[in-house]
Amino acid sequence: GIVLAIAWPLSLVYDDHRLIWLLFALAAAPASRGLISPRTVEYAIKFNYLPSLTMDVAGKCTALAASVSVAWFTGSYWSIAVATIASPVTMLILSYCFAPYRPAFSLKEWRTFESYLRASTAAQLVAAVVWQMDQLLLGRFVSRSDLGQFSMASNLAVLPLQVLVNQITSPLTVAFSAVKQDPDRLRAAYHKSAVGIMTIGLPILVWVSVNSDAIVRLVIGQKWLEAAPILHWLALGIIPSLFVGPLMPLATTLNRTVAFFRLNLAELCLKTPLMLVAIAHYGIAGVIAVRLVTATAVAGYAMYMVRGFIGLSLRGQLLGPWRAAASVAIATAAMIGAQHAISDANDMLSVAVKLAAVSVSGAICYWGTMFVLWSAAGRPDGLEDHIVKVVGGYWRRIHA
């Protein structure tokens with residue numbers, strides 16, 4: 001309803017009447033996400049994520065097919081809108097196939113959820129403003145072409161988090177809830193999950209940053225090359241958030257959701273004045289710099305929150321993923337060396353081959369160094385230990 005109400009005023013602000021019908025249509029996307037069957041949480045409680053995976057993959061495939069079809073036959077920007085709408089609508093339909101539920105309006109349990117809903121709604125509202133602020137402001141100060149380059153680079157930068165890291169954090173609320181009565185186990189569980197998220201997310205974001213040129217060429221084409229340097233820095237700007245990746249499920253478990261609002265409000269207060277000055281004087285480069293600064297500051301504030309919640313020291317949070325950080329440094333040097341060793345590629349096949357060679361060299365150096373450092377540290381409990389057990393189990397089955 002709010003989106004429909006502001007559609008016409010926004011079309012005047014940006015002097016583009018197409019925004020009216022576009023916003024009318026796009027409002028269906030968040031509405032569909034909000035109407036997904038609440039009974040799907042029963043699968044999460046049982047650690048059964050197959051329905052969630054099926055819904056997600058089906059939604060993405062439907063969006064891809066629909067958007068490509070519209071783009072192919074019409075050549076219209078509506079193909080992007082169709083993709084945005086098709087995915088959540090498909091997930092909405094499938095959610096009621098997996099978890100049948102007949103909605104009924106009731107305020108019977110209002111007091112149980114009142115504080116949570118108030119805090120989470122306020123936090124989401126501020127977070128939405130913070131997340132979209134740079135693109136909304138850039139739309140007034142830079143050309144549409146430059147805005148498109150920045151928007152595409154921003155979408156590519158967050159893709160690894162959406163595909164991998166967000167899926168890792170999904171079960172953590174259930175896992176933390178199982179040990180929340182034991183402070184020591186909860187602290188250990190948070191620390192282990194934070195290190196695990198960093199171990200997986202850090203090399204992926206650094207890989208995107210180092211290979212931004214090749215990724216842009218392969219994924220979206222030669223005409224988007226101006227987005228490559230933007231992608232390089234935006235990917236690095238996401239790294240500070242990995243240090244506090246499990247904060248949201250932790251705060252939800254402890255019923256401290258007001259922390260989201262405080263965190264997002266602090267980011268809004270810091271980011272707004274910096275963003276206005278940066279965009280006015282430096283354009284996209286200024287936006288990137290502000291993102292790096294605010295991400296670091298917000299991550300630091302979030303670490304203080306974690307220390308207050310469970311008593312995990314700042315030193316422990318910063319130095320916990322030291323093996324991942326050291327391994328990434330060596331892998332980065334290997335990837336840069338491989339890039340210089342391989343001749344420049346012009347056609348798509350050559351770019352793909354070069355990217356594959358660089359990626360393989362980086363992966364070998366990263367995981368090789370990780371396991372060497374893990375062994376040198378006495379093989380502590382963590383992601384490496386889990387990988388060894390899983391691989392060892394498969395090997396014993398094959399050998400048997």
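**Around Leu 231, Gln 149 and helix α11**

Leu 231 touches Ala 153, Leu 156, Ala 157, Val 208, Ser 212, Ile 215 and Val 216, leaving aside residues up to four places away in sequence. The model is a predicted one, and residues are numbered from 1 along each chain.

Leu 231 also belongs to the largest nonpolar core, which has 69 residues. Together with Phe 150, Tyr 190, Leu 202, Leu 247, Phe 309 and Ile 310, Leu 231 touches the most other members of that core. The element that gives the most to this core is helix α15 (residues 284-310), with 11 residues.

Next comes a polar residue, Gln 149, in helix α8, which runs over residues 144-169. Gln 149 has a relative accessibility of 7% and therefore counts as buried, the cut-off being under 20%. What does the side chain of Gln 149 reach at 3.1 Å? The partner is the backbone nitrogen of Ala 227. Ala 227 is also one of the residues that Gln 149 touches; the others are Lys 223, Trp 224, Glu 226 and Ile 230, again not counting residues up to four places away in sequence.

The last stop is a pair of helices. Two packed helices are described by the angle between their axes and the distance between the axes. For helix α11 (residues 212-219) and helix α18 (residues 348-376), the angle is about 135 degrees and the axes are 10 Å apart. Because of that angle, α11 is oblique to α18. The crossing in which α11 passes α18 is left-handed. On the α11 side, Ala 214, Ile 215, Arg 217 and Leu 218 meet Met 348, Val 351, Ala 352 and Leu 355 of α18. Ile 215 is also among the residues touched by Leu 231.

Note on methods:
Predicted model: local features only at pLDDT ≥ 70, side-chain atom pairs only at ≥ 80, totals over all residues. Heavy atoms only, no water. Helix = DSSP H or I, 4+ residues; strand = E, 2+ residues; numbered from the N terminus. Buried < 20%, exposed > 50% of the residue type's maximum accessible area, 1.4 Å probe, protein only. Polar contact = N/O pair within 3.5 Å; in protein donor to acceptor, adjacent residues only side chain to side chain. Contact = heavy atoms within 4.5 Å. Core = buried A, V, L, I, M, F, W, Y, C linked by side-chain atoms within 4.5 Å. Axes fitted to C-alpha atoms, helices over the stretch in contact; angles between N-to-C directions. Parallel < 35°, antiparallel > 145°, perpendicular 65-115°, else oblique. Left-handed = near helix turned anticlockwise from the far one by under 90°.
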